[in-house]
Amino acid sequence: MGVLVAAVLGVLPPAVGTATPSTVVRKVALETASLVPPRAAPALGPGGSIRLARPAWSARRVVCAPIRFTTLGVVWRQEGGEEIPARVAVGAPGRFGAMIEVEGEPAEAPDPGTPDDAGLQGTPPVWAGEARCARLRLGLPEEDAIRDVRVVFVNTSGTATAPTLLDRAGDLLARAWGMVTEPFAARGADAASAQPALITRAEWGAKEKLRRCGPDYAEDGVKMAYVHHTVNSNSYAASRSDDLIRGIYAYHVQGRHFCDIAYNFLIDRFGRIFEGRFGGIDQPVIGAHAMGFNTGSTGVAALGTFTSATAPRKMLRAFKRLLAWRLDVAHVRPTGKAVMISAGGSAQKFKKGQQVTLPVISGHRHTGHTTCPGSALFRKLGPIRLAADARGLPKIWSPARSVEAISLWQAQTVQLTATMSEPMSWTVAITDALGAPVREFAGAGALVDATWDGKRSDGTPVAPGTYTATIRARTTAGAQAREAVLAVVVNP
């Protein structure tokens, strides 16, 4: 009977498994001079830039979007590296909600000179639910020149145009009938690889045509992981997580001109893990989440704000599952240290080329001028490290070769080493480009140490080429660690 009534009204409830709503992005330019605070005397520069003699909050501006929006952010060009906070309220003229303050995140950005780097600064994306206008102020810094200010409005819920009476009636009926469903479902975990359940880009509705460039990969693999928070509301419904992520994706690409979404993974408050940047979840994809330290790191963002609010237990458990698996793929110990080289940038703490030793699982504040991932979540990094370290044992850590190539005529050798989570029986198998066996070493203990001289088991030299050394280990109870693979070049 209810379906018949809805059919007469022309507002049938949405079918289960309907297509992902379109993402709509609109930008509204602000005249920079209109942001000047009362009684301030700014210096005017080229391109309409302004520069204040002392820090001050900008004049309050109300900006209405040409669409209904679910996410917004503010972007600008800036000469200088000072962080610019923003105060934002959403709603409609005369009906705005409370002002919230969000930090500018200049450190949550690409490495300088990379394809992601378009020279734009910006606030984090702000989740609005459903709104038509924003009231905002920017915290203008001292002496930094600001220009090209734009408000970026994003709609990811299919409601970019104002809903009709029938649309609203259909929505109410659908909710009453319980027909509002999840647009995705997490894939089950792969027990063999200990990969956690994951929601893919296709499942959360990433439009691949939106990507501008990439993916790019770190030659030396993943050495560490950064924990971030996205600085949005913590009260979103389970059915809106994908809307939030598509909003972040669109803002990063079309607002800040990144190649793709900045993060490699995202985790919502319900403990669901989402694939982030395109290029392969087990590959060393270079993100745009930690200025100066994107190469060699993987970025995981908590969907929400955890400055004082405690991250939900399900979210923390997801961090432990994800980082245990992802760092095991890279054979990096979660409780260890990583040696990183800064790529530079105005909003991080280290000079270009500076060598920095960091916790393998770091908060963004370790290297960036930021409070990310919020003090409450930052305090949980210790337990996350310990849990990731202990999960999925046994493990092989830090596989290494003493040299990349050896020369037969110089009688050179290569030392192949690794550490293990516990004493195990181990082998190092050398194979040629076709996978044929060449040499094998075996031993037992908590350390792998084998030296290869470029010869076969019978003592004859191998042909020049690239060879693979595969390290395998097994406990006395039969549990097998994830194998590690190293390449060795043999020159004539």
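This report covers the salt bridges, one charged surface patch and one buried strand residue of this structure.

The model is predicted. Residue numbers run from 1 along each chain.

**Salt bridges**

Side chains of opposite charge can pair when their charged atoms come close. How many salt bridges does the structure hold? The structure holds 19. Three of them are set out here.

| Pair | Closest N to O distance |
|---|---|
| Arg201 and Glu208 | 2.9 Å |
| Arg246 and Asp243 | 2.6 Å |
| Arg333 and Asp389 | 2.9 Å |

Take Arg201 and Glu208, which form a salt bridge. Arg201 has a relative accessibility of 2%. Buried means under 20%, so Arg201 counts as buried. Glu208 sits at 31% relative accessibility and therefore counts as partly exposed.

Next come Arg246 and Asp243, joined by a salt bridge between their side chains. Both belong to helix 4, which covers residues 241–255. They are three residues apart, about one turn of the helix. Are they buried or exposed? Arg246 is buried, and Asp243 is buried too.

Arg333 pairs with Asp389, again through a salt bridge. Arg333 lies in the loop between helix 5 (313–329) and strand 15 (337–341), while Asp389 lies in helix 7, so the pair ties together parts that are 56 residues apart in sequence. Arg333 is partly exposed, at 38% relative accessibility. Asp389 is buried, with a relative accessible area of 11%.

Some salt bridges share partners. Through such sharing, Arg68, Glu130, Arg240, Asp242, Asp243 and Arg246 are joined into one network. The helix 4 pair, Arg246 and Asp243, thus appears again here.

**A positive patch**

Which residues gather in a patch of positive charge on the surface? They are Arg313, Lys314, Arg317, Arg379 and Lys380. Lys380 is found in a loop, between helix 6 (375–378) and helix 7 (381–390). Its relative accessibility is 30%, so Lys380 counts as partly exposed.

**A buried strand residue**

Where is Thr470? Thr470 has its place in strand 22, residues 465–474. The relative accessible area of Thr470 is 9%, and Thr470 is therefore buried. Neighbours within four places in sequence are left aside for its contacts. Thr470 then touches Thr427, Val428 and Ala429. Thr470 is also in contact with Glu483, Ala484 and Val485.

Terms used:
Predicted model: local features only at pLDDT ≥ 70, side-chain atom pairs only at ≥ 80, totals over all residues. Heavy atoms only, no water. Patch = residues over 30% accessible without salt bridge, like charges linked within 9 Å, V, L, I, M, F, W, Y side chains within 5 Å. Areas by Shrake-Rupley, 256 points an atom, 1.4 Å probe, with all protein chains shown as cover. Salt bridge = Lys/Arg side-chain N within 4 Å of Asp/Glu carboxyl O. Lys, Arg positive; Asp, Glu negative; His and termini not counted. Charge placed at Lys NZ, Arg CZ, Asp CG, Glu CD. Helix = DSSP H or I, 4+ residues; strand = E, 2+ residues; numbered from the N terminus. Buried < 20%, exposed > 50% of the residue type's maximum accessible area, 1.4 Å probe, protein only. Contact = heavy atoms within 4.5 Å.
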